[in-house]
Amino acid sequence: MLKSNVVLLSALVSCALISGCKDDKQSHVSIEFMHSSVEQERQAVITKLITRFEKENPGITVKQVPVEEDAYNTKVITLARSGSLPEVIETSHDYAKVMDKEQLIDRDAVADVIQNVGESAFYGGVLRIVRTEDSAAWTGVPVSAWIGGIWYRKDVLAKAGLEEPKNWQQLLTVAQKLNDPASKKYGIALPTAESVLTEQSFSQFALSNQANVFDAQGKITLDTPEMAQALEYYRALAANTMPGSNDIMEVKDAFMNGTAPMAIYSTYILPAVIKEGEPQNVGFVVPTEKTSAVYGMLTSLTITSGQKAEETEAAEKFVTFMEQADNIADWVMMSPGAALPVNKAVVNTPVWKENDVINALGDLPYQLIAKLPNIQVFGAVGDKNFTRMGDVTGSGVVSSLVHNVTVGNASLSSALKESQKKLDTLVEQR
């Protein structure tokens, strides 16, 4: 009996010397990854990525938390209130600003990943869009983007003897020459409804004319000569679109069924274009006035605050892993053509080079990627991204302004002054 106790004591001492009395098994960390890819085929891709990560990091388990896009923001709020936010969350650059405002983002962890990956790994201008309002940090690590602009049918313009419109006047001229409402054919499918798409589409023209919703001091600057010029131009362009309030479906359908040979839409129109069978016949351009302005939406992976140190460390490893060339390529190619890579390494991977969709689009994906440095959004001024822009968009004031001036034929001057007052009041109340 005594001998057994001596042996046991020796074993315990050895354990203490070797591992500090911890279990021989490596300590294990479990983290959650919340994303909006609810489709089975996309979840399969993410499962493959997680399996690959866990194989390289046997001490970490990653659990998927797929959430429908419509319920996404509400889910984040609910989880935050209950203190159970996933360690890693996929988010748009817009919503990331809201999360940052509520102090739900671990800025240091995000910065660590970006520094590990390298700022130079991203296309120029991309990191600027995920800057915080104080310009001191980032709200997430960008993984993909989509952009919006003018899509046009090359054969229709060629038949009419028209060239690709490079500036505002050329675009208006092309739209006017192709407009034939008597035959229910229109020069351009243009968003005019009281919707987010209308605000996004109009923002490209406003920002191209150096008109923004905020100035560098955070004051509302809606009622300005530059904004008035952009709004007047948008109204002139809208005279060549379908009657009534046009939103996502109306714009997309008009372009796809031939009602309009030009349309303002995002890169997510490309799956329909490819299905149609003539992707090489479609061109993309962003007409420039004073400066080039492309509306774009960035998707990032962000790391949440309030987690245990070991969970944050595991989250950093996972997001850094996701930014590696082959891994980020798999992520982007869940939506080939529609989602653009923001990490330069993607276009050099076999996953990109050998993709049938990318090859079918020819030079177009590279032309789209070349627009990334020109991404501009309302509320981003220099390196500042004002979080109150989310309140502005949520209020619908800008889209209502555009709708009232185009569809409602309201007085441009009066509509601008009224909208300025509404936004001044909104910002003062926040």
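A residue is called buried here when its relative accessible area is under 20%. The structure is a predicted model, and that cut-off is what the account of strand β7 below relies on.

**Strand β7 and its neighbours**

Strand β7, which spans residues 296-303, is covered on both of its faces: Gly-296, Leu-298, Ser-300 and Thr-302 are buried on one side, and Met-297, Thr-299, Leu-301 and Ile-303 are buried on the other. In a regular strand the side chains alternate between the two faces of the sheet. Because eight of the eight residues of β7 are buried, the strand is largely enclosed by the rest of the structure.

Two strands pair with β7. Strand β3 (residues 88-92) runs antiparallel to β7 and is joined to it by five bridges, with Leu-301 of β7 serving as the bridge partner of Glu-90. Strand β4 is likewise antiparallel to β7, the two being joined by six bridges, and here Gly-296 of β7 is the bridge partner of Ile-147.

Thr-299 offers a view of these surroundings from within β7. With a relative accessible area of 17%, Thr-299 falls under the 20% limit and therefore counts as buried. Once its neighbours within four places in sequence are set aside, Thr-299 is in contact with Glu-90 and Thr-91, and also with Val-141, Pro-142, Val-143 and Ser-144.

**A parallel pair with a helix between**

Elsewhere in the chain, strand β1 (residues 29-35) and strand β2 (residues 60-66) run parallel and are joined by seven bridges; Ile-60 in β2 is the bridge partner of Val-29. Together with helix α2 (residues 40-56), β1 and β2 make a β-α-β unit that is right-handed.

**Helices α9 and α19, and the loop before α9**

The axes of helix α9 (residues 196-208) and helix α19 (residues 397-406) come within 8 Å and cross at roughly 80°. Angles of 65 to 115 degrees count as roughly perpendicular, and α9 and α19 are therefore roughly perpendicular to each other. On the α9 side the contact involves Thr-198, Glu-199 and Phe-202, which meet Val-398, Ser-399 and Val-402 of α19. By character, the residues of this contact between α9 and α19 divide into three nonpolar, two polar and one charged.

Thr-192 is placed in the loop between α8 and α9, and with a relative accessibility of 2% it counts as buried. Leaving aside its neighbours within four places in sequence, Thr-192 is in contact with Thr-198, Ala-238, Gly-244, Ser-245, Asn-246, His-403, Thr-406 and Val-407.

**Loop residues with positive phi**

Most residues other than glycine have a negative phi. Against that background, two loop residues deserve individual mention. Ser-135 has a phi near 60°, although it is not a glycine, and is located between α6 (126-129) and β4 (141-153). Lys-184, also not a glycine, has a positive phi of about 55° and lies in the loop between α8 (168-178) and α9. Their backbone angles and accessibilities are set out below.

| Residue | Phi | Relative accessible area | Class |
|---|---|---|---|
| Ser-135 | near 60° | 30% | partly exposed |
| Lys-184 | about 55° | 64% | exposed |

The loop between α8 and α9 thus contains Lys-184, which is exposed, as well as Thr-192, which is buried.

Definitions and conventions
Residues are numbered from 1 along each chain as its sequence is written. This is a predicted model: local features need pLDDT of at least 70, side-chain atom pairs count only at pLDDT 80 or more; totals for chains, interfaces and linings use all residues. Side-chain values use heavy atoms; hydrogens and water are left out. Axes are lines fitted to C-alpha atoms, for helices over the stretch in contact, and angles run from 0 to 180 degrees between N-to-C directions. Helices (H or I, at least four residues) and strands (E, at least two) are DSSP runs, numbered from the N terminus. Angles under 35 degrees count as roughly parallel, over 145 as roughly antiparallel, 65 to 115 as roughly perpendicular and the rest as oblique. Contact means heavy atoms within 4.5 Å. Ala, Val, Leu, Ile, Met, Phe, Trp, Tyr, Cys and Pro count as nonpolar, Asp, Glu, Lys and Arg as charged, and the others, Gly among them, as polar. Two strands pair if DSSP finds at least two bridges between them. A crossover is right-handed if, with the strands pointing away from the viewer, the path from the first strand over the helix to the second runs clockwise. Buried means under 20% relative accessible area, exposed over 50%, partly exposed in between (1.4 Å probe, protein chains only).
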